[in-house]
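Subject: Structure handover

Hello,

Here is the structure I promised to pass on. Please open it and keep it beside this email while you read.

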Amino acid sequence: MNKKILICLAGLLTAIIAFSPLLGRAVAHADNVQGLATTCKSAMLLDANTGTVVYEKNTKQHLPIASMVKIMTLSLAFDEIAKREIALDTIVTASENAASMGGSQAFLDANANYRLDELLKSIVVASANDSCVAVAEYLYGSVDAFVSAMNERASALGLNDTKFVNCTGLPKEGQYSCAADVAVMFKDLMRHEKFYEYAKVWMYDFSHPGGRVTGLTNTNKLIRFYDGCDGGKTGYTDEARSCITVTAKRGDTRLICVAIGAENSKTRNKEVSEMLNYGFANFKTVYAVQKGEVLGEYSVDGGKTDKITAVAEQDYTVFVKSGEKSDVTLQIDIDTLNAPIAQCQKVGTVNILINGEKCGTVNAVAQNACQKKGYKDILDDFIAEW
C-alpha cells in the first residue's frame, strides 16, 4: 500500500474518530428556541467544529431526505478517487442506465464520454441524478455495489438511523435518514476541498461531447443570498418535501444547519436563514489553542541540545454563548524527556478548561528533533568542563 493511500485512509479514520458521534461534545448550549423551524418536520443547528447543538427538532425521526442522499454519494466518491489516485480528468462513459435517470439532471447522452470532475461538479451544483449513477457505476461497477458501500460508510460513521437504497435520493421504499445523521455525513463531506470549490459555483455551462450545452444553476440559493454560506446540498420530492443542509462561516464560527420536510424552498430557506442568524448572534467560537502554538521550552536528558520547544499538535476550539463568562485556560503536562526525540513526537498533553472544568485535550509535540548525545559529544562536554 503506497504512501498516498495510507495518508488518505489515515485522514478518513481521523475524521471518523473525531466526528463520530458528531455530538460527542454537544448539547451544553442547546436551547428550545421559540419561533425557529416552525414548519419543518425536522431541523438541527450546530457548531461545525465541536458538534455543540444550538437548536434541535425531531432530530432522530426517520424521514426521506430526497437529494440530500447525495451528501453520502459525494463523500464516498471523493474518498474513493483519492484512495485510488484517480485523476479528475479521467473519462467516464455514461451508460444508458445513467442517461435514463429522471428528476434533476445534467442530461447526459448515453454512451458519451465525460470528465469525472465535470460529473462531480454537476452533482454538487445541480444535483444531477444521471451524473450520480455514472460516477457510481464507474467507481464500483454497479449502482448496487456503490449503495452497499454507502451503507458501510454510514455504519462506520455511527449513522444508526440511516438506510440507503439508491445513490440519488429519488423516491424508493426503505430509504431514510434523520437530521442528526445528515449533519454527521455532511461534516464528513466537508473534509473535501473540491466540494467547497464546486459548491460556490452559481451558474455554469455543462458541455456535452457533441457540442450541446446544458446550463446548470446551483440549487442552493443561500450560496448567493446568505452571508457566509459556502456549501450545501438541497433536496426535494413530493414525499420528502423541501430539504437542505448548509454550512456558513462568519469570523471563526462555522455552523451547520439541517432542515427536512419544509413545504417549499422559499419557506425552507427562510427558516434555515433564521436558524443561522440565531446561531451567529448568540454564540461564538474561541480558539483555546492553535496548531503550532508554542507551549514552552522543556529540558531533555541526554540530548545534543538541552531543551526542546513543545507546540500544540492541532487546533482546539470552544463554542460559547456570546456575553457569558468563558474563562479558557490550559493545563500543560509534559512527560519526562529523554533523547532522542523526533520532530512532531508527542511529548505531553494539554488539558483545556472552561471556567475550571476540563472540556478536552490536545497533544503537545516537539517542534524540532533532538538527537541523542554520542560518545564524541560526551567527550567534548567533558573537555569543555575540565
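Start with C229: its bridge partner in strand β8 is A248. Keep in mind that this is a predicted model. The pair belongs to the contact between β7 and β8 (residues 241–250), which are antiparallel and share eight bridges.

**The sheet around β1**

Now widen the view. β7 and β8 sit in an open sheet of five strands, in the order β2-β1-β9-β8-β7, with antiparallel pairing. Which strands are at the edges? They are β2 and β7 (229–237), and each pairs on one side only. Neighbouring strands here are turned by 5° against each other on average, direction ignored.

Look at β1 (residues 42–47) next. Six of its six residues are buried. S42, M44 and L46 point one way, while A43, L45 and D47 point the other way. Both sets are buried.

β1 has a partner in β9 (residues 253–262), with six bridges in the antiparallel sense. Within that pairing, D47 is matched with L255. β1 also pairs with β2 (residues 53–57), again antiparallel, over four bridges. There, M44 stands opposite E56. β1 and β2 make a hairpin, with five residues between them. Find G51 in the turn: its phi is positive, about 80°.

**A second sheet**

Another open sheet of five strands runs β11-β12-β16-β15-β14, with antiparallel pairing. Why does one side of β11 and of β14 lack a neighbour in the sheet? β11 (294–299) and β14 (328–334) stand at the edges with a single partner strand each, so one side of each stays free of a neighbour in the sheet. The average turn between neighbouring strands of this sheet is 30°, direction ignored.

Inside it, β15 (residues 346–354) and β16 (residues 357–366) run antiparallel and are joined by eight bridges. G348 has A364 in β16 as its bridge partner.

**One more strand pair**

β10 (residues 283–289) and β13 are antiparallel, with six bridges between them. K284 is partnered by V320 in β13. Five of the six residues of β13 (residues 316–321) are buried, so the rest of the structure largely encloses that strand.

**A buried lysine**

K70 lies in helix α2 (residues 70–83). What is the nearest side chain of opposite charge to K70? It is D130, 8.5 Å away. K70 is buried yet has no salt bridge. A salt bridge needs the nitrogen and oxygen within 4 Å. K70 does have polar company, though. Its side chain makes a polar contact of 2.7 Å with the side chain of S67. A polar atom of the K70 side chain also lies 2.8 Å from the backbone oxygen of T168.

**Helix α7 and a salt-bridge network**

Helix α7 (residues 179–189) is mostly covered, with ten of its eleven residues buried. Among them are V182, F186 and D188. D188 has a relative accessible area of 4%. Its side chain meets that of R191 in a salt bridge (3.0 Å, N to O). R191 is partly exposed, at 30% relative accessibility. Both residues belong to a network of salt bridges that links D79, R153, D188 and R191.

**Other salt bridges**

How many salt bridges does a search of the whole structure find? It finds 14. One joins R115 to D117, with the closest N and O atoms 2.6 Å apart. R115 is partly exposed, at 39%. D117 is buried, at 12%.

Another joins E263 and R241, where the closest N and O atoms are 3.0 Å apart. E263 is in the loop between β9 and α10 (265–282) and R241 is in β8, so this pair ties together parts that are 22 residues apart in sequence. Both ends are partly exposed: E263 at 46%, R241 at 22%.

**Cysteines**

Disulfides: the count is zero. Take C257. The closest cysteine sulfur is in C40, 8.1 Å away, too far for a bond. The cut-off is 2.5 Å. C257 is buried, at 0% relative accessibility. C359 is partly exposed, at 28%.

Best wishes

Terms used:
Residues are numbered from 1 along each chain as its sequence is written. This is a predicted model: local features need pLDDT of at least 70, side-chain atom pairs count only at pLDDT 80 or more; totals for chains, interfaces and linings use all residues. Side-chain values use heavy atoms; hydrogens and water are left out. Buried means under 20% relative accessible area, exposed over 50%, partly exposed in between (1.4 Å probe, protein chains only). Helices (H or I, at least four residues) and strands (E, at least two) are DSSP runs, numbered from the N terminus. Two strands pair if DSSP finds at least two bridges between them. Axes are lines fitted to C-alpha atoms, for helices over the stretch in contact, and angles run from 0 to 180 degrees between N-to-C directions. Lys and Arg count as positive and Asp and Glu as negative; His and the chain ends are not counted. A polar contact is a pair of N or O atoms within 3.5 Å; within protein, one must be able to donate a hydrogen and the other to accept it, and residues adjacent in sequence count only if both atoms are side-chain atoms.
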